[in-house]
Amino acid sequence: EPLPLEPSREQAITSGRILAQLARSHYVQQGLDELVSEELFDAYLRALDPSRLFLLASDIQEFSRWRGDLDDALMSGDLEPAYAVFNRLRERRDAQLDLLLATLDERLAALAFDGDEELQLDRREAPWPVDEAAALALMELRFKNEVLGLRMAEREPDAVKEVLERRYSDQRRRLLQVDSGDVFRVWMNVVTHTYDPHTEYFPPRDSENFD
């Protein structure tokens with residue numbers, strides 16, 4: 001299980017400076033209020049889990065205590081809400097990938113396509129999974145869809161296993177490589193995009209490369 005990521009003091013200071021700069025210099029001249037806070041909350045969830053596959057309805061309910069207070073958190077340099085949501089997402093996604101890798105042989109051997117099942121591909125407006133059982137059921141449908149796609153591409157059974165094993169291992173490795181700076185970048189981009197879809201936050205290294 002990945003260790004929770006935490007914000008640094010430097011990031012807290014940087015977030016305050018970015019917010020002050022936006023409020024002072026941006027042509028929109030938009031202040032923070034509860035309405036903007038709710039927009040930030042929903043935009044951050046869309047950025048992290050756009051298809052509503054991993055976070056549960058109970059997670060959303062728990063995090064909703066911040067829905068109207070993100071403006072205050074931003075003004076005070078409090079990054080706890082952003083990191084708490086991300087850590088929960090990573091925990092749930094890592095658990096699914098770990099389960100898929102550990103049970104891949106059994107799942108492939110037991111797979112059957114003789115039932116009447118339906119997978120909603122566009123889940124941007126779908127309800128969040130009500131509990132872990134619902135999230136796992138959704139994972140099972142997505143797994144079947146992946147296998148079906150590979151079989152329709154005329155992949156042999158051994159090749160199907162190899163592709164999925166590599167795919168899930170790569171996804172898990174990338175997930176575990178995410179660091180505190182990556183979380184901060186995503187959160188700050190949600191904040192800047194709320195002011196203006198064309199305003200982007202560049203970490204120092206990215207800014208140097210862009211220049």
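Is aspartate 122 buried, exposed or partly exposed? Its relative accessibility is 41%, so aspartate 122 counts as partly exposed. That value falls between the cut-offs of 20% for buried and 50% for exposed. The model is predicted.

**Salt bridges**

Aspartate 122 has a charged partner. It forms a salt bridge with arginine 124, with the closest N and O atoms 2.8 Å apart. Arginine 124 is exposed, at a relative accessible area of 54%. Side chains of opposite charge can pair when their charged atoms come close. The structure holds 14 salt bridges. Three of them are set out here.

| Salt bridge | N to O distance | Relative accessible area of each residue |
|---|---|---|
| Arginine 92 and aspartate 59 | 2.6 Å | 17% for arginine 92, 1% for aspartate 59 |
| Lysine 161 and aspartate 105 | 2.9 Å | 27% for lysine 161, 45% for aspartate 105 |
| Aspartate 122 and arginine 124 | 2.8 Å | 41% for aspartate 122, 54% for arginine 124 |

Take the pair of arginine 92 and aspartate 59, whose side chains meet at 2.6 Å, N to O. This pair links distant parts of the chain: arginine 92 sits in helix H5 and aspartate 59 in helix H3, 33 residues apart. Arginine 92 counts as buried because its relative accessibility, 17%, is under 20%. Aspartate 59 is buried as well, at 1%. Both residues belong to a network of salt bridges that links Asp59, Glu62, Arg88, Arg92 and Glu132.

The side chains of lysine 161 and aspartate 105 also meet in a salt bridge, at 2.9 Å. This pair too links distant parts of the chain, with lysine 161 in helix H8 (residues 157-177) and aspartate 105 in helix H6 (residues 104-110), 56 residues apart. Lysine 161 is partly exposed, at 27%. Aspartate 105 is partly exposed, at 45%.

**Helices H5 and H7**

Two packed helices are described by the angle between their axes and the distance between the axes. The axes of H5 and helix H7 (residues 132-152) come within 12 Å and cross at roughly 50°. H5 and H7 are therefore oblique to each other. Their crossing is right-handed. On the H5 side, the contact is made by Arg92, Gln96, Leu99 and Leu100. H7 contributes Glu132, Ala135, Leu136, Met139, Arg142 and Phe143. Arg92 and Glu132 appear in this contact, and both are in the salt-bridge network.

Asparagine 145 is another residue of H7. Asparagine 145 is partly exposed, with a relative accessible area of 39%. Not counting residues up to four places away in sequence, asparagine 145 touches Leu119 and Leu121. The C-alpha atoms of asparagine 145 and phenylalanine 113 are 10.0 Å apart, although 32 residues separate them along the chain.

**Nonpolar cores**

In soluble globular proteins, nonpolar side chains tend to be buried together. The largest nonpolar core here has 34 residues. Leu40, Tyr44, Val85, Trp187 and Val191 touch the most other members. Two or more residues of this core come from each of helix H1 (9-25), helix H2 (34-48), helix H3 (57-63), helix H4 (70-75), helix H5 (80-102) and helix H9 (180-195). Apart from this core lies another, of 14 residues, including Leu108, Met139, Val160 and Tyr168. Met139 is also one of the H7 residues in the contact with H5.

Which residues does valine 85 touch, not counting those up to four places away in sequence? They are Tyr44, Leu45, Leu48, Leu55, Phe63 and Trp66. Tyr44, like Val85, is one of the residues that touch the most other core members.

Notes
Residues are numbered from 1 along each chain as its sequence is written. This is a predicted model: local features need pLDDT of at least 70, side-chain atom pairs count only at pLDDT 80 or more; totals for chains, interfaces and linings use all residues. Side-chain values use heavy atoms; hydrogens and water are left out. A nonpolar core is a set of buried Ala, Val, Leu, Ile, Met, Phe, Trp, Tyr and Cys residues joined through side-chain atoms within 4.5 Å. Buried means under 20% relative accessible area, exposed over 50%, partly exposed in between (1.4 Å probe, protein chains only). Helices (H or I, at least four residues) and strands (E, at least two) are DSSP runs, numbered from the N terminus. Contact means heavy atoms within 4.5 Å. A salt bridge is a side-chain nitrogen of Lys or Arg within 4 Å of a carboxyl oxygen of Asp or Glu. Axes are lines fitted to C-alpha atoms, for helices over the stretch in contact, and angles run from 0 to 180 degrees between N-to-C directions. Angles under 35 degrees count as roughly parallel, over 145 as roughly antiparallel, 65 to 115 as roughly perpendicular and the rest as oblique. A crossing is left-handed if the near helix is turned anticlockwise from the far one by less than a right angle, and right-handed if clockwise.
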